[in-house]
Amino acid sequence: MVKRAVVLGGGGVTGVAWTMGMVYGLGERGLDLTTADLFVGTSAGSVVAAQLTSGTPVGELYAHELADTTGDRNAVINTRVLAGFVIASLWPGDDAKGRAWLGRAALKKQTVPESERRAAIAMRVKGDAWPETLLKVPAVDAETGAVRVFDRDSGVSLIDAVAASCAVPLVWPPMTVDGRRYVDGGVRSVANVDLADGYERVVVIAPSTAAVKRKDKPGHQAKALHKDSVVISPTDAALTAIGRNPLNPDRRALAAEAGRVQAAAELERVREVW
């Protein structure tokens, strides 16, 4: 039996909205990605993956992106945050040391309380139970830079795993899971496509494809799987709708609509793989 995986990358609150619009738009045209055998969700993608595997109708999830910004605090990924990601990515030698440098900087940064961030994630991810569908959620240990991939066998709550994967360093607080503090899974890779290794058909939806190193780009990682794969990222029109600040909740509806519109143009490429 052919095994299929959906990989959902990071991209902030607008990335959640655009991705949900894309999934909804494909579903409107008869292509249902929720039947995947595996979901890999990084940062914003972990929110979408948790929602899509919850059993909630995709139409309902899409409508929520159009109508409600409850729980989303307006924040900005500024030049200091971007510089931190670049420095961590270019760290010589062991990649984990660069990630740890950024993680330790995040531990020192004054941000909102962890409880506030967990509550915001809990408003998006309804319930702590892991889905029956296999779901992988990567996050990065803030002190060591080691990557931990949470799943239903990890013994942690789904909300905690998603909150950890969404903990953008220097913007949101590193999140505590199992006594360790974790930062955003995107510190390792914006989509972590390699976690879908072993699956014959892989659809990657990546609101952001930004990466300093070629090996970390979703397209390169997908090709390295040597499987049937496709990578979908926003068009110029969608990027205009998303705006420059991926953490701006006021752009959610525009981003979701842009994803739904773009789905029409991506349908055949996705169908060829799916």
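These are my notes on a helix pair, some salt bridges and a surface patch in this structure. I keep in mind that the model is predicted.

**Helix pair**

I started with α1 (residues 12-28) and α2 (residues 44-52). I find their axes coming within 8 Å and crossing at roughly 40°. Parallel, perpendicular or oblique? An angle under 35 degrees would have counted as roughly parallel, and roughly perpendicular runs from 65 to 115, so I put α1 and α2 down as oblique to each other. I also checked the hand of the crossing of α1 and α2, and I have it as right-handed.

**Salt bridges**

How many salt bridges are there? My count comes to 17. I looked up three pairs and one network among them.

Arg118 and Asp128 went first: their side chains meet in a salt bridge, with N to O at 3.5 Å. I place Arg118 in helix α6 (residues 114-124) and Asp128 in the loop between α6 and β3 (134-141), ten residues apart. For exposure, I get a relative accessible area of 27% for Arg118, so I call it partly exposed. Asp128 is partly exposed too, at 34%.

Next I took Arg180 and Asp141, whose closest N and O atoms are 2.9 Å apart in a salt bridge. Arg180 sits in strand β6 (residues 180-183) and Asp141 in strand β3, so this pair ties together parts 39 residues apart in sequence. Is Asp141 buried or exposed? I find it buried, because its relative accessible area is 6% and the cut-off for buried is under 20%. Its partner Arg180 has 31%, so I note Arg180 as partly exposed.

Then I looked at Arg188, which forms a salt bridge with Asp194; the closest N and O atoms are 2.8 Å apart. I have Arg188 as partly exposed at 25% relative accessibility, and Asp194 as partly exposed at 29%.

Which residues share partners? I traced one network in which salt bridges join Asp95, Lys213, Lys215 and Asp216.

**Surface patch**

Last, I went looking for nonpolar side chains on the surface. Val86, Leu90 and Val212 form a nonpolar patch there, and I get about 240 Å² of accessible area for them together. I singled out Leu90, which I place in helix α4 (residues 79-90). With a relative accessible area of 52%, Leu90 goes into my notes as exposed, because the label needs over 50%.

Technical notes: Residues numbered from 1 in each chain as written. Predicted model: local features only at pLDDT ≥ 70, side-chain atom pairs only at ≥ 80, totals over all residues. Heavy atoms only, no water. Patch = residues over 30% accessible without salt bridge, like charges linked within 9 Å, V, L, I, M, F, W, Y side chains within 5 Å. Areas by Shrake-Rupley, 256 points an atom, 1.4 Å probe, with all protein chains shown as cover. Salt bridge = Lys/Arg side-chain N within 4 Å of Asp/Glu carboxyl O. Helix = DSSP H or I, 4+ residues; strand = E, 2+ residues; numbered from the N terminus. Buried < 20%, exposed > 50% of the residue type's maximum accessible area, 1.4 Å probe, protein only. Axes fitted to C-alpha atoms, helices over the stretch in contact; angles between N-to-C directions. Parallel < 35°, antiparallel > 145°, perpendicular 65-115°, else oblique. Left-handed = near helix turned anticlockwise from the far one by under 90°.
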